[in-house]
Amino acid sequence: MSSEKACPDCEEVLEQMELQGTDVVETLSIVSKASDDGFLSSMRADEILTPVPYVCPNCRRTLLYAEK
Ligand SMILES: [Zn+2]
């Protein structure tokens, strides 16, 4: 799969994880620093990205990618 993501530490291919339930999603919020100047202040709710966790099977490093 060309969309595979690699661990920045050990270059292992990351495994995509499923967020269980909604509590985690509600806790996580991605706020761009660019919104400080109002550039993204007009962003609508349907354009908010969902954070998708990826974990490295080798070092257990977890990275969040914002995907639609
Ligand atoms: Zn790793």
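Among contacts in the chain between residues at least 6 apart in sequence, 49% join residues at least 24 apart. The exercises below concern this predicted model.

**Exercise 1. Describe the overall make-up of the chain: how many helices and strands does it have, and in which pattern do they follow one another?**

Solution. The secondary structure amounts to 1 helix and 3 strands, and reading along the sequence gives the pattern β-α-β-β. Turning to the surface, 15% of the 68 residues count as buried, and the accessible surface of the chain comes to about 5,600 Å², with 50% of that area belonging to carbon and sulfur atoms.

**Exercise 2. Work out the geometry of the zinc site: which residues are the protein donors of the zinc ion, and which parts of the chain does the pair of cysteine 10 and cysteine 56 tie together?**

Solution. Begin with the donors, which are the SG atoms of Cys7, Cys10, Cys56 and Cys59, lying 2.2 to 2.3 Å from the zinc ion. Next come the angles among the 4 donor atoms, which run from 101 to 126° and make the site tetrahedral. As a reference, the ideal angle for four tetrahedral donors is 109.5 degrees. In sequence, the donor residues follow the spacing C-x2-C-x45-C-x2-C. Cysteine 10 lies in the segment before strand S1 (15–16), whereas cysteine 56 lies in the loop between S2 and S3, so the pair ties together parts that are 46 residues apart in sequence. As a last step, consider accessibility: cysteine 10 counts as partly exposed at 28%, while cysteine 56, at 0%, counts as buried.

**Exercise 3. Classify the aromatic pair found in the structure: are the rings of tyrosine 54 and tyrosine 65 edge-to-face or stacked, and what sits over the ring of tyrosine 65?**

Solution. A search of the whole structure finds 1 aromatic pair. The ring centres of tyrosine 54 and tyrosine 65 are 5.2 Å apart and the planes stand at 85°, so the pair is edge-to-face, given that planes over 60 degrees apart fall into that class. Tyrosine 54 belongs to strand S2 (residues 50–55) and tyrosine 65 to strand S3 (residues 62–67), and the pair thereby links distant parts of the chain, 11 residues apart. With a relative accessibility of 7%, tyrosine 54 counts as buried, whereas tyrosine 65, at 25%, counts as partly exposed.

The next step brings in lysine 5, whose charged end sits over the ring of tyrosine 65, 5.0 Å from its centre. Lysine 5 lies in the segment before S1 and counts as buried because its relative accessibility is 18%, which is under the 20% cut-off. Leaving aside residues up to four places away in sequence, lysine 5 touches Glu12, Val13, Leu14, Tyr54, Tyr65 and Glu67.

Strand S2 also contains proline 51, which is buried at 6% relative accessibility. Proline 51 is 15 residues from alanine 66 in sequence, yet the two are 4.3 Å apart in space, C-alpha to C-alpha.

**Exercise 4. Examine the backbone of glutamate 11 and arginine 60: what is the sign of phi, and are the residues buried or exposed?**

Solution. Start from the expectation that most residues other than glycine have a negative phi. Glutamate 11, in the segment before S1, has a positive phi of about 65° although it is not a glycine, and its relative accessible area of 65% makes it exposed. Arginine 60, placed in the loop between S2 and S3, likewise is not a glycine and has a positive phi of about 65°; at 54% relative accessibility, arginine 60 counts as exposed.

Methods: Residues are numbered from 1 along each chain as its sequence is written. This is a predicted model: local features need pLDDT of at least 70, side-chain atom pairs count only at pLDDT 80 or more; totals for chains, interfaces and linings use all residues. Side-chain values use heavy atoms; hydrogens and water are left out. Rings of Phe, Tyr and Trp (its six-membered ring) pair if their centres lie within 6.5 Å; planes under 30 degrees apart count as stacked, over 60 as edge-to-face and the rest as tilted. Helices (H or I, at least four residues) and strands (E, at least two) are DSSP runs, numbered from the N terminus. Buried means under 20% relative accessible area, exposed over 50%, partly exposed in between (1.4 Å probe, protein chains only). A charge sits over a ring if NZ of Lys or CZ of Arg is within 6 Å of the ring centre and within 35 degrees of the ring normal. Donors are N, O and S atoms within 2.8 Å of the metal (3.2 Å for Na, K and Ca); water is not among the atoms, so sites may look incomplete. Four donors count as tetrahedral if all angles lie between 85 and 135 degrees; four count as square planar and six as octahedral if opposite donors are over 155 degrees apart and all others between 65 and 115; anything else is irregular. Contact means heavy atoms within 4.5 Å. Accessible areas come from the Shrake-Rupley method with a 1.4 Å probe; for residues, only the protein chains shown count as cover.
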